[in-house]
Amino acid sequence: MKAAKKLIVSVSALLFLCAPVSKTNAQENAPLRLAQTIPMPNVKGRIDHMDVDVKGKRLFVAGLENGSLEVVDLAAGKWSKSIPGFKKTQGVAYIPSLNKVFVASGDDGMLRVFRGDNLELLDSIKLELGPNRVTYDPHTSILYVGYGGKDAGKDYGEVGIIDAKTDRHLGDIKVDAHPSELLSNKSGKTLYVFIGVSSKVQVVDTQKREVVSTWPVSSQRNGDGAFEEKTQRLFVGTRTPPQMIVMDSNTGNGVLSLPTVEGMDGVYFNAAQKRIYVSGGRDNDVGYVFIYQQKDADHYDLIGKIPTRAGAGTSFWSPELNRYYVAAPAHDNEEAAILVFEPQP
């Protein structure tokens with residue numbers, strides 16, 4: 001990236017953040033509106049990843065430090081169930097076509113499988129330590145699970161290949177270290193694996209089951225990201241310093257970078273409005289969602305900075321429900337909750 005281009009981006013972002021805006025105007029013009037707060041009683045500690053049952057209007061929430069899978073009834077606007085027995089609950093994938101919910105837990109090396117309707121335990125798949133991110137390819141019925149690395153006492157990471165129909169562990173794809181994010185293209189033939197500890201993106205050919213490219217990331221500790229097929233762009237959230245980096249998904253070249261929220265822990269793309277949401281606040285006294293508007297493949301503006309709650313890092317975007325969910329852990333006298341945001345024009 002050219003120095004002049006980066007300077008223009010940085011100055012524009014600084015002016016945006018420093019500009020005085022009245023509270024009334026900020027609420028009226030905000031790109032996200034807090035529509036609902038759903039308490040999750042008795043959920044303690046950090047909250048991790050989520051997935052949604054669109055038809056049944058249920059949100060599945062990983063209670064990482066609570067050792068549980070929390071279920072929220074979105075239609076009723078209330079918490080409905082807690083499933084205990086996990087150690088460091090992390091990745092969640094609901095697959096309606098198979099009537100299954102897959103839940104990864106890092107500190108016991110397990111991938112558990114539940115019936116989607118009644119949430120009865122169907123199977124337990126033993127991996128090595130560190131199962132975290134999961135992503136599903138509907139073309140092949142394969143679920144990919146990132147694990148390994150230092151969590152398992154190894155100097156490399158792995159992406160587990162799971163037959164989601166039979167719950168069989170078919171093999172692994174070796175990567176540089178523990179994966180912090182897994183993103184698949186629509187065909188399922190390419191998997192983008194974020195390696196946060198070494199600030200890289202590794203590109204996996206899922207048919208060959210091997211890494212075919214490795215790209216450096218211009219900032220450190222890339223943790224979460226999103227992929228847009230139409231413009232072939234990766235949106236990469238980093239933590240040191242906190243930035244939202246746009247990369248060409250074909251070449252790995254950096255397009256630009258913008259400042260983002262401290263404690264970044266969630267990146268999603270709203271295709272209908274061409275907006276990127278980056279949530280953060282993990283280990284911080286205040287949380288925010290930063291919103292960026294895509295003008296075209298190479299140009300983006302920071303258009304909003306929405307306050308959430310202390311420690312509210314993780315999030316989930318549901319295009320079908322047109323809602324953005326932010327997980328807020330219990331803090332001081334406030335119990336854990338799901339903050340439900342509605343996009344605004």
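**Sheets, a buried loop residue and an enclosed strand**

In this predicted model, four strands line up in the order β2-β3-β4-β5 to make an open sheet with antiparallel pairing. (Strands here are DSSP runs of E with at least two residues, helices are runs of H or I with at least four, and both are numbered from the N terminus; two strands pair if DSSP finds at least two bridges between them.) The edges are taken by β2 (50-53) and β5 (78-84), and each has a single partner strand, so one side of each lacks a neighbour in the sheet. From one strand to the next, the twist averages 20°, with axes fitted as lines to C-alpha atoms and angles running from 0 to 180 degrees between N-to-C directions. Strand β4 (residues 68-73) is joined to β5 by six bridges, and the two run antiparallel. One pairing to look for is V72, whose bridge partner in β5 is W79.

A word on the ground rules. Residue numbers start from 1 along each chain as its sequence is written, and side-chain values use heavy atoms, with hydrogens and water left out. Because the model is predicted, local features need pLDDT of at least 70 and side-chain atom pairs count only at pLDDT 80 or more, while totals for chains, interfaces and linings use all residues.

As for confidence, the protein chain has a mean pLDDT of 93 (the predictor's confidence in each residue, from 0 to 100), and 92% of its residues reach 70 or more. Residues 1-25 are another matter: pLDDT is below 50 there, and the stretch has 16 contacts in the model beyond near neighbours in sequence, a contact being heavy atoms within 4.5 Å. Where pLDDT is low, the predicted coordinates should not be read in detail.

Taken as a whole, the protein chain comes to two helices and 28 strands. Its radius of gyration, taken over C-alpha atoms, is 19 Å, close to the 20 Å that the globule rule gives for 345 residues, so the chain is as compact as a globular protein of that length; the rule is 2.2 Å times the number of residues to the power 0.38. Of the 345 residues, 56% count as buried, meaning under 20% relative accessible area, with exposed over 50% and partly exposed in between (1.4 Å probe, protein chains only).

Further along the chain sits another open sheet of four antiparallel strands, in the order β22-β23-β24-β25. At its edges are β22 (264-270) and β25 (299-307), each with a single partner strand, so one side of each is left open in the sheet. Six bridges tie β22 to β23 (residues 275-280) in antiparallel fashion, and M264 stands opposite G280 in β23.

In the loop between β9 (121-126) and β10 (134-137) lies N132. N132 is buried, at a relative accessible area of 9%. Setting aside residues up to four places away in sequence, N132 touches D48, H49, Q90, G91, A104, G146, H178 and P179. The C-alpha atoms of N132 and S180 are 7.6 Å apart, although 48 residues separate the two along the chain.

Finally, strand β19 (residues 233-240) has seven of its eight residues buried, so the rest of the structure largely encloses it. Seven bridges link β19 to β18 (residues 220-228), antiparallel, with G225 partnering V236. The β18-β19 hairpin has four residues between the strands, and Q232 there takes a positive phi near 55°. Strand β19 also joins β20 (residues 242-248) through seven antiparallel bridges, in a hairpin with one residue between the strands; F235 stands opposite V246 in β20.
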